[in-house]
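Trainee: I have a new model open and want to practise reading it. Can we go through it step by step?

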Amino acid sequence: LQVAVGKDHARRWSAVDLTPSGQGLRSWSVAELTQYFQTGVSARAGTFGPMNEVIANSLSALTPEDLRAMAVYLKSLPPRAYPDETVAPRLASEGAPIYKARCQKCHGSSGRGGMFSGPPVAGSAIVQAEDPASLINIILHGSDAPKALASESWETMPAYADVLDDAQVAAVGNYLRGSWGNRAGAVSSAS
């Protein structure tokens, strides 16, 4: 998979795999999904981009029973099958120094994040999405959770659009997509 990174490209978003596949929601519990739908934050992820509006203007107004029913439904779906594809180790290693300098403080050397630092990137559905558009957006533009959903549990992720060039964004994206057992195709800086 080759996806252009360029900062000048229009911001587009990609949805994650909502099935319990390894690249989707396998590691999410029903309770974590329910909490995420209600608050925009769980031990697995925090909301950003278009999902902010979905949670702030819709899901957060549902009853806990309805949110739990949605989570149970998602966990009951058959897992989606993926081709056996991952970033080549050489390509992934090019992003390791960038990750160490820019990301490791919050997401950890293990990629598991921390309670008050950052969400996990190991096993992340965003990191492993077939289309890496949302991953690229979070690297370039940072997190932008609305104040109504603000959580003091994690640091706010800074934007790196003015710090990293396209090749560096692709390199750190490839490091994320090819580390800690993550399985996803490569990202390219080609425009």
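**A buried aspartate and two cores**

Mentor: This is a predicted model. Start with one side-chain pair: Asp17 makes a polar contact with the side chain of Tyr82, at 2.7 Å.

Trainee: Which other side chain makes a polar contact with the side chain of Asp17?

Mentor: Look in the segment before helix H1 (30-39), where Asp17 is found. The distance for this polar contact is 2.6 Å. The partner is Ser21.

Trainee: Which side chain of opposite charge is nearest to Asp17, and how far away is it?

Mentor: Asp17 is buried. A salt bridge needs the charged atoms within 4 Å, so Asp17 has none. The nearest side chain of opposite charge is Arg80, away by 4.9 Å.

Trainee: How many helices and strands are in the chain?

Mentor: Read along the sequence. The pattern is α-α-α-α-α-α-α-α. That gives eight helices and zero strands.

Trainee: Which helix gives the largest share of the largest nonpolar core?

Mentor: The largest nonpolar core has 21 residues, and Tyr99, Leu135 and Val172 are among those with the most contacts inside it. Helices H5 (96-102), H7 (133-141) and H8 (166-177) each give two or more residues to this core. The largest share is six residues, and it comes from H8.

Trainee: How many residues are in the second, separate core?

Mentor: Its members include Trp28, Leu33, Ala45 and Leu59. In soluble globular proteins, nonpolar side chains tend to be buried together. The count for this second core is eleven.

Terms used:
Residues are numbered from 1 along each chain as its sequence is written. This is a predicted model: local features need pLDDT of at least 70, side-chain atom pairs count only at pLDDT 80 or more; totals for chains, interfaces and linings use all residues. Side-chain values use heavy atoms; hydrogens and water are left out. A nonpolar core is a set of buried Ala, Val, Leu, Ile, Met, Phe, Trp, Tyr and Cys residues joined through side-chain atoms within 4.5 Å. Buried means under 20% relative accessible area, exposed over 50%, partly exposed in between (1.4 Å probe, protein chains only). Helices (H or I, at least four residues) and strands (E, at least two) are DSSP runs, numbered from the N terminus. Lys and Arg count as positive and Asp and Glu as negative; His and the chain ends are not counted. A polar contact is a pair of N or O atoms within 3.5 Å; within protein, one must be able to donate a hydrogen and the other to accept it, and residues adjacent in sequence count only if both atoms are side-chain atoms.
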